[in-house]
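Could you walk me through this protein model in plain terms? I would like a short briefing, with bullet points grouped by topic.

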Amino acid sequence: MLYLIYNPVAGRGRAPAALAVATRLLDAARAEYVVHHTEGPGHATALAAGAPAGATVVAVGGDGTIHQVVKGLVTSGAADRVLGVLPVGSGDDFAFALGLDRRDVPGAVARLLANEPHLIDLPTVNGEPFVNALGVGFDAEVAYRLELAPAFLKGLAAYLYAVMASLGRLRAVGVTVTVDDTLVYAGKSLVVATQNGPRTGGSFLFSPAARLEDGTLDVVLAGDVGVFATLVLLPKVMRGKHLGDPSVRSFRGTSVRLEWEEPRYAHADGEPLGQGTTFTVALAHRA
């Protein structure tokens, strides 16, 4: 059984057409499936938690929908269900990590019909599961501003709008970063990203070498950089060429602890987590 959890507002208008294509293909393949429409924040979590035993629970939406579905699957404690992804969001970074092309709905459906699940790593932040990335600082400010972007802006255009809107609030804050119980950084930082997958924000390769099943988290931080330096750095991040920049540090490990001098915005898979000062990340390998 394919148990589709469909977010009708995903992708700023992309979702309805993609679902229509997907259901036509599933019908042609005589696949057994059911579609549940989400009705608001948190509904995908409840739907996933109530999915039947043995189902492939398919997140039909973006990274936020996937995050909510994963939360439902993990917190319900049922180990016999599988996560599926039909990417129709604005960024689709987790789909990118899986090797799915967000423009190729038939390819995503074919992956579902092939029914060949594999295990990936599962991080948690302060107990909250996520699958692709945790961002604290400027990155999370951008995620917050993205929700306020004009509806006609799609994909990268919407994200760049959010970046520009966030630059006026740009400010590095003191943080200590501990990886695998070793203090690796103490000083001011604009953003600290903890990556399970390589990409964030639909186009930004924070950690090009990150893999979902390699048993490690990739921690990437920008130090005390201002507006001009940030504008110079962003194109490098889009190409994955920023790791040699003197303002950027990177580390790898299985546990991460961030302690900020003052509250900072955070996001997990693009979903806002609010503000906090302490973020503790743990990784369960192939969980």
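Arginine 30 sits in the loop that runs from helix H1 (15-28) to strand E2 (33-37). In this predicted model, arginine 30 has a positive phi of about 55°, although it is not a glycine. Most residues other than glycine have a negative phi.

**Two residues with a positive phi**

- Arginine 30 counts as exposed, because its relative accessibility is 79% and the cut-off for exposed is over 50%.
- Aspartate 92 is not a glycine either, and its phi is also positive, at about 55°.
- You can find aspartate 92 in the loop between strand E4 (82-87) and helix H4 (93-98).
- Is aspartate 92 buried or exposed? Aspartate 92 is buried, because its relative accessible area is 2%, and buried means under 20%.

**Salt bridges around aspartate 92**

- The model has ten salt bridges in total.
- Aspartate 92 forms a salt bridge with arginine 14, and their closest N and O atoms are 3.3 Å apart.
- This pair links distant parts of the chain: arginine 14 is in the loop between E1 and H1, aspartate 92 is in the loop between E4 and H4, and the two are 78 residues apart.
- Arginine 14 counts as partly exposed, with 25% relative accessibility.
- A salt bridge also joins the side chains of aspartate 92 and arginine 102, at 2.8 Å from N to O.
- Arginine 102 lies in the loop between H4 and H5 and aspartate 92 in the loop between E4 and H4, so this salt bridge ties together parts that are ten residues apart in sequence.
- Like its partner's other contact, arginine 102 has its own label: it counts as partly exposed, at 24% relative accessibility.

**A salt bridge between two strands**

- Which residue meets arginine 252 in a salt bridge? The partner is aspartate 218, and the N to O distance is 3.3 Å.
- Arginine 252 belongs to strand E12 (residues 248-253) and aspartate 218 to strand E11 (residues 217-222), so to speak of distant parts of the chain is fair here: they are 34 residues apart.
- Arginine 252 is partly exposed, at 49% relative accessibility, whereas aspartate 218 is buried, with a relative accessible area of 6%.
- Through shared partners, salt bridges join Arg14, Asp92 and Arg102 into one network.

**The parallel sheet**

- In what order do the four strands of the open sheet come? The order is E2-E1-E3-E4, and the pairing is parallel.
- E2 and E4 are the edge strands, each pairing on one side only.
- From one strand to the next, the twist averages 25°.
- E3 and E4 run parallel and are joined by six bridges.
- Threonine 56 stands opposite valine 82, which is in E4.
- Helix H3 packs on the sheet, where it touches E1, E3 and E4. The direction of H3 makes about 155° with that of E3.
- Helix H5 packs on the sheet as well, touching E3 and E4. The direction of H5 makes about 170° with that of E4.

**The nonpolar cores**

- In soluble globular proteins, nonpolar side chains tend to be buried together.
- How many residues does the largest nonpolar core have? The largest nonpolar core has 40 residues, and those with the most contacts inside it are Ile5, Val57, Val60, Val69, Leu86 and Phe94.
- Strands E1 (2-6), E3 (56-61) and E4 each supply at least two residues of this core. The helices H1, H2 (43-49), H3 (63-76), H4 and H5 (105-114) each supply at least two as well.
- Leucine 86 touches Ala22, Val58, Ala59, Val60, Gly61, Val105, Ala108 and Val109, leaving aside residues up to four places away in sequence.
- Another core lies apart from this one; it has 22 residues, including Leu217, Val256, Ala266 and Ala268.

**A mostly covered helix**

- Helix H6 (residues 138-146) is mostly covered, as seven of its nine residues are buried.
- The buried residues of H6 are Phe138, Asp139, Ala140, Glu141, Val142, Ala143 and Arg145.

Note on methods
Residues are numbered from 1 along each chain as its sequence is written. This is a predicted model: local features need pLDDT of at least 70, side-chain atom pairs count only at pLDDT 80 or more; totals for chains, interfaces and linings use all residues. Side-chain values use heavy atoms; hydrogens and water are left out. Buried means under 20% relative accessible area, exposed over 50%, partly exposed in between (1.4 Å probe, protein chains only). A nonpolar core is a set of buried Ala, Val, Leu, Ile, Met, Phe, Trp, Tyr and Cys residues joined through side-chain atoms within 4.5 Å. Contact means heavy atoms within 4.5 Å. Two strands pair if DSSP finds at least two bridges between them. Axes are lines fitted to C-alpha atoms, for helices over the stretch in contact, and angles run from 0 to 180 degrees between N-to-C directions. A salt bridge is a side-chain nitrogen of Lys or Arg within 4 Å of a carboxyl oxygen of Asp or Glu.
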